[in-house]
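Q: I would like a close look at one part of this model, the place where the two protein chains meet. Please take it step by step and then go on to the DNA.

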There are 2 protein chains.
Amino acid sequence: MAKLDQTNQKILRELCRDGRVSNLDLADRVGLSPSACLRRVQELERSGVIAGYRAVLDKAKLGVGFVAYVTVGLNRHTKDAQEAFERAIARAPEVTECHNITGAVEYLLRVEAADLGAYKSFHTDILGTLPQVNAITSYVVMGSPKDDRA
Amino acid sequence: MAKLDQTNQKILRELCRDGRVSNLDLADRVGLSPSACLRRVQELERSGVIAGYRAVLDKAKLGVGFVAYVTVGLNRHTKDAQEAFERAIARAPEVTECHNITGAVEYLLRVEAADLGAYKSFHTDILGTLPQVNAITSYVVMGSPKDDRA
DNA sequence: GTGAAAATGCGGAAATATCGCAACAAATGG
DNA sequence: CCATTTGTTGCGATATTTCCGCATTTTCAC
């Protein structure tokens, strides 16, 4: 595993802020020559510390006007039931996250939809029709004062 | 606002998969000449549909071995109390997301820590000491079968 | 059809990434 | 204390890519 000295931490911070910064600029900001900087970045990529790069899209401008977190409880706790549920979730484009959590219910989902109507369709026609699903509780997101993963 | 024809959708899909793909490769994949492709990307950036680019880090390799979602209820529902709470959250590096939600409690947080011990410290020393905080419930993430925002 | 507006492809100049190489620094062992 | 090894750095040359002007083609409304 690559060691995380102060320079590598700076590199990661800059790349999280702007994943498309040129190697020349990046080298400037972290105080290295371009070649030394490039080698560090390549090592961070090779070792998997940098898992990849992504464009961050403005969901609102793509028609997403409704976000909710949804807890889901299953009626059976078998491996089969969980796998079937997770397969169905993988197919649903509205679901951007699915976490297996501790507590009274098994799953926490993040669901993105165009509007309340679109969410209702998802709630009724997709989640509601899955035979493994027992309990559904929706928490509508009114705002996100902090979202470092956006 | 930029129109989202099929080509632009392809571009966005590719850039979400690999935000650092070269314009030459991207043009190939979406079936355009490099110059036409570059112009579309620049327009998507200018219009804000592409909000930016980020490196995706492997949190596990950075020492994050514990993730939890935490619901927080406040004891006062004044604007002041909310703002004070949100300021405190903004300062806490363990909190990667803070959502204002509908339901029995006001907030849903995503918290990342090195391990259970580090989380306990955060829970006790940070969250527990905020005067506005009334109820705290933790849901430990055991796995994330789907996480498009990772 | 016809004209206006937008999108496209081409080509070249400028900027950038990439890699070999030698110098340097920090640890290791005698 | 010195020699050796290992890892990192900066430099410079080359290959690649970005970026922009320009002419052509396509699209669309009338």
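Which side chains meet in a salt bridge with B:R149 and A:D147 as the places to look, and what is the distance from N to O?

A: The model is predicted. In it, the side chains of B:R149 and A:D147 meet in a salt bridge, with 3.0 Å from N to O. B:R149 lies in the segment after β5 of chain B, while A:D147 belongs to strand β5 of chain A, so this pair joins two chains. A second salt bridge is formed by the side chains of A:R149 and B:E97, at 2.8 Å from N to O. Between chain B and chain A the count of salt bridges is four. Over all chains, the structure holds 18 salt bridges.

A:D147 also has a place in the pairing of strands. Strand β5 of chain A, residues 133-147, is joined to β3(B) by four bridges, and the two strands run antiparallel. Within that pairing, A:D147 stands opposite B:E97 in β3(B). B:E97 is thus named twice: as the residue opposite A:D147, and as the partner of A:R149 in a salt bridge.

Strand β5 of chain A has a partner in its own chain as well. Seven bridges join β2 of chain A, residues 66-74, to β5(A), and this pair also runs antiparallel. Here A:V72 stands opposite A:I136 in β5(A). In a regular strand, side chains alternate between the two faces of the sheet.

Now consider the contact between the chains as a whole. On chain B, 56 residues are in contact with chain A, and on chain A, 56 residues are in contact with chain B. The size of an interface is often given as the accessible area that is lost when the parts come together. For chain B and chain A, the area buried between them is about 5,100 Å². Carbon and sulfur atoms account for 54% of that area. The interface also has 51 residue pairs in polar contact, counting pairs with both residues at pLDDT 80 or more.

Which elements of chain B supply at least two residues each to the side that touches chain A? The helices are α1 (6-17), α3 (34-46) and α4 (79-91). The strands are β1 (50-57), β3 (95-101), β4 (107-113) and β5 (133-147). The largest share, nine residues, comes from β5(B). By class, this side of chain B has 30 nonpolar, eleven polar and 15 charged residues.

Both chains also reach the DNA. Around DNA strand C there are 14 residues, and those that come nearest are A:N23, A:L24, B:S33, B:S35 and B:R40. A polar backbone atom of A:N23 is 2.5 Å from a phosphate oxygen of DNA strand C. For A:L24, a polar backbone atom is 3.3 Å from a phosphate oxygen of the strand. From chain B, a backbone N or O atom of B:S33 lies 2.8 Å from a phosphate oxygen of DNA strand C. Of the atoms of DNA strand C within 4 Å of the protein, 57% belong to sugar or phosphate, and the rest belong to bases.

The surface near DNA strand C draws at least two residues from each of α2 (23-30) and α3 (34-46) of chain A and α3 of chain B. By class, this surface has four nonpolar, six polar and four charged residues.

DNA strand D is surrounded by 13 residues, the closest being A:S33, A:S35, A:R40, B:S22 and B:N23. Sugar and phosphate make up 59% of the atoms of DNA strand D that come within 4 Å of the protein. A polar side-chain atom of A:S33 lies 2.8 Å from a phosphate oxygen of DNA strand D. An N or O atom in the side chain of A:R40 is 2.8 Å from a phosphate oxygen of DNA strand D. With B:R39 the partner is a base: an N or O atom in its side chain is 3.4 Å from a base nitrogen of DNA strand D.

The elements giving two or more residues to the surface near DNA strand D are α3 of chain A, along with α2 (23-30) and α3 of chain B. Of these, α3(A) gives the most, with four residues. The residues of this surface divide into four nonpolar, five polar and four charged.

Conventions. Residues numbered from 1 in each chain as written. Chains lettered and ligands numbered in written order. Predicted model: local features only at pLDDT ≥ 70, side-chain atom pairs only at ≥ 80, totals over all residues. Heavy atoms only, no water. Contact = heavy atoms within 4.5 Å. Buried area = accessible area lost by both parts, 1.4 Å probe. Polar contact = N/O pair within 3.5 Å; in protein donor to acceptor, adjacent residues only side chain to side chain. Nonpolar A, V, L, I, M, F, W, Y, C, P; charged D, E, K, R; others polar. Pairing = 2+ DSSP bridges. Near = heavy atom within 4 Å.
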